[in-house]
Structures are given as structure tokens and as C-alpha cells.
Amino acid sequence: MHGASAVFVVQDGNKTACIMANFSADFLTNYITKTGPKNVTFSLPPNAKVLNTSSCGKENASNPSLVIAFGGGHTLNLTFARNATRYSVQLMSFVYDLSDTQIFPSAISNETKSDESITDIMADINKKYRCVSSNQIHMKNVTVTFHNATIQAYLSNDSFSKEETRCMQDGPSPTVSPTTPHHSTSPPHPSPPHPSPPHPSPPHPSPSPVPEIPSSYTYTVSGTNGTCLLARMGLQLNVTYKKKDNTTMTRVFNINPNKTHVNGHCAPQQVTLDLQSESSTSLFFLFGMNASSSHFFLQEIQLNMTLPDAKDPTFKATNNSLRALQATMGNSYKCNAEEQIWVTEAFSVNIFQVQIQAFQVEGDKFGSVEECQLDENNMLIPIAVGGALAGLVLIVLIAYLIGRKRSHAGYQTI
């Protein structure tokens, strides 16, 4: 069971619609009562309203957004972004008030909480997004499920377009053209912060030949206070999955920066980088900070993509407890060596020639460099070899001088 559908419209100053949405939605979350944690499910009511904080956006200044309010202080916010060919719900956030006793009875806290996530909601420009199937958006503490959704932003005719882009859940959709996989020697198996996936990959998946190294690109995320993320890197995705014939396959997909739409968000405690390819692959990075130690780090990676030959074509992976690419605030993290970050047992990211700086970026330039451990280890090898050679030369020189001294001691002056 889920709530009734409702229509939501955002208009500009001329009363022309720029965003339209028709869907029903359910919310699943948990909260603390005197007797312990409790799960709660509730629906978006038909009397939910569009707030005037919704916006059609301004070119190069702000993105369009649909803000829906309901109940005792709850809001659902859909922020849109676009490139030359597609638009998407770049970020979805949900704010909920635990003082609403109808939804959260016996809650021991009256605080207002918020959660957010990237989404796989995207469509071609001048087409409506259509998804009859249920589509779940998983945030950290909230799951939002959309039913029978029709959504369109950047409207041109003040109404839904006749043409549509169907969601992945309704049927096949375009996918990235894969390169062949990259194999690192003895990859580490991290201790994931969450339980292992229900279907871990078998020990001997079928591989493909070695791929090319992906192109490096500089990604920038800016907010009202300037640049909050500067990252130069090449990205490669390692994905292991079961095919329709139950064989296990490992494939690698290079991120092509020339065919990728870049978005991001600056916040006081978090910085995000959202990469969406033209072929429905969404790769999301979240950077956090440790205020006590004045360090920033890569905290979370999310991947949403479609694998048409997989038993389950929708591939999703996330890990929000990472501690990678760490450096002091105001400095940049740099690593010339290839790094492999394991997100789950079935998904890892290869990062090439990375230099990255989050939160405090002065003048759109990298700060002082903090080298990664891999580069420092690689530097020890020539230093050790040089030291050994210098020691050998010194030994030979001392032996030569001792020999000369002994030969002169055998002669007497007449």
C-alpha cells in the first residue's frame, strides 16, 4: 500500500511552469523511543504543498529545485541539473521533524533531522522521466520509494512532453561501453563497515584483457563562498557481477570526462562530487572532515549503473565509512601511484595520478602537497640504492687510501 499520487508544479515569475512532477511516495526511517529504536513508514499525503522556496534556477548561479512540504514540518527537496543532452535529479534531500507525534509517537527527541542522496532519476532534455515501477532512493537513515512517477524539469511548453525516457526499473536502458578490466596484484580485502553483501563474488570470476589507463581530468566544485573541491585524477570502475547464465564476470569501466556531467555541493561539513555519464552511470563521492584533527578525507562512494547482461541489471554499491585520500585542511593530497579503493566486495575504484583538496581551496589552486604512502615507499627504493652505492664508493676509497699508505711505508729516505 502507498499514498495517492499528487501533482506538483514550480512556476517562474511569469507563471510559466519550469518543473512538473506527478508521483506518490513512501518514506521509511527509524527513531528512538523510551523502549528503544522503532521503524516507521509513512506516505506523502495528497495535500502536500509546493513551497515558495522552490525555484526555476538561474543560469550559472543556481539549479532548479522542487521543495514539497507536508505534515508537521517535513520537506522533500529535489534539486535538478543538466548537461547538453540530459537532465537529472542531482540531489534529493529529506528534512523531518521528530516532534510530529502523528508520525513519530513517543519519540524521546524533538529535533529536526535531515538526510540526502544522489539519485538515478534522469531523462533526455525535452522528455519527461517516466517510471511505473517502484524506485527506491536510499539515504543514510531514510529510504524514499517513488511509485508511478512522471517528472520533468526545464520545461519548454508549460506541460509534460509527449516523449518520455523510461527508468531502468521499467526496462533496459543505455549503458556505458565497457573497457576491459584492470587487475591489481593481490588486492586487499578491507573490513567493510557494513555486513558483507548477500551475494559475495566467487573467488575466480571471468576476467577480460588489461584496459588502457583512463584519462586524467580536473574536477571543480564551487559554492557561494568559492571553490570547495579541486580534484585532478583518472577514474576506473571494477565491477563483479553474476551474468544471466549464473557465471561470474569482472569488468572495468573507464570514466570518460568528455562524456560526463559534473555536479557537486558545498556544505560546512561535507563536500560532494557527482559524476553522471551520458549512459546512465552515476558515481558519487562525499568528502568529510575531522574538525579536531583538521583533516579532510574521502568518506563515501556510491555507484548506480546498469549492466544489461547481468542477472540483476541494476548494479548499486555504497560505502559511507571510508577513510581515504586524507590530508590536512588547506593542503592537497597527492599520489602518483595507482590507488585502489574497495567499496564493497563486488566494486572498487582505481584512481590514477590523483591530487585532491577539499573544503579550503585558496585561489582555485592546490595547496602544499602531502604525498601518499605509496609514493613515499617508491621514493625509498632509489634513496636506498643511492645510499648503498655511496657506501660502496666510500669503502673503495678508504681501501685505496690505506693501500697507498702501506706502500709508502716500505721505502726509507737515503
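Here is a short chat about the disulfides, one strand and the nonpolar cores of a predicted model.

Colleague: Before we start, what are the ground rules for this model?
Modeller: It's a predicted model, so local features need pLDDT of at least 70 and side-chain atom pairs count only at pLDDT 80 or more, while totals for chains, interfaces and linings use all residues. Residues are numbered from 1 along each chain as its sequence is written, and side-chain values use heavy atoms, with hydrogens and water left out.

Colleague: How many disulfides does the structure hold, and what pattern do they follow?
Modeller: A disulfide here is a pair of cysteine sulfur atoms within 2.5 Å. The structure has four of them. Counting bonded cysteines along the chain, the pattern is 1-2, 3-4, 5-6, 7-8.

Colleague: Which residue is joined to Cys131, and how many residues apart are the two?
Modeller: Strands (E, at least two residues) and helices (H or I, at least four) are DSSP runs, numbered from the N terminus. The disulfide partner of Cys131 is Cys167, with S to S at 2.1 Å, and the link is right-handed, with 70° about the S-S bond. This pair links distant parts of the chain: Cys131 sits in strand β10 (residues 128-131) and Cys167 in the loop between β13 (164-166) and β14 (217-223), so the partner is Cys167, 36 residues apart.

Colleague: Is Cys167 buried or exposed?
Modeller: Buried means under 20% relative accessible area, exposed over 50%, and partly exposed in between (1.4 Å probe, protein chains only). Cys131 has a relative accessible area of 1%, so that one is buried. Cys167 has 4% relative accessibility, so Cys167 is buried.

Colleague: What is the handedness of the link between Cys228 and Cys266?
Modeller: Those two are joined with S to S at 2.0 Å. The torsion about their S-S bond is about -75°, so the disulfide is left-handed.

Colleague: And is Cys266 buried or partly exposed?
Modeller: Cys228 is buried at 6% relative accessible area. Cys266 has 26%, so Cys266 is partly exposed.

Colleague: Where does Cys372 sit, the one that bonds with Cys335?
Modeller: The sulfur atoms of Cys335 and Cys372 are 2.0 Å apart, and 60° about the S-S bond makes the link right-handed. Cys335 belongs to strand β23 (residues 332-335), whereas Cys372 is in the loop between β26 (369-371) and α1 (373-409).

Colleague: Why is strand β5 largely enclosed by the rest of the structure?
Modeller: Ser65, Val67 and Ala69 point one way from β5, and Leu66, Ile68 and Phe70 the other way, all of them buried. The strand is largely enclosed because its buried residues number six of the six.

Colleague: Which residue in the turn between β5 and β6 has a positive phi?
Modeller: Two strands pair if DSSP finds at least two bridges between them. β5 and β6 (residues 74-82) do so in the antiparallel sense over six bridges, with Ser65 opposite Thr79. They form a hairpin with three residues between them, and the turn residue with a positive phi, about 60°, is Gly71.

Colleague: Which strand gives the most to the largest nonpolar core?
Modeller: A nonpolar core is a set of buried Ala, Val, Leu, Ile, Met, Phe, Trp, Tyr and Cys residues joined through side-chain atoms within 4.5 Å. The largest has 47 residues, and those with the most contacts inside it are Leu235, Leu283, Ile301 and Phe347. With eight residues, the top contributor is β15.
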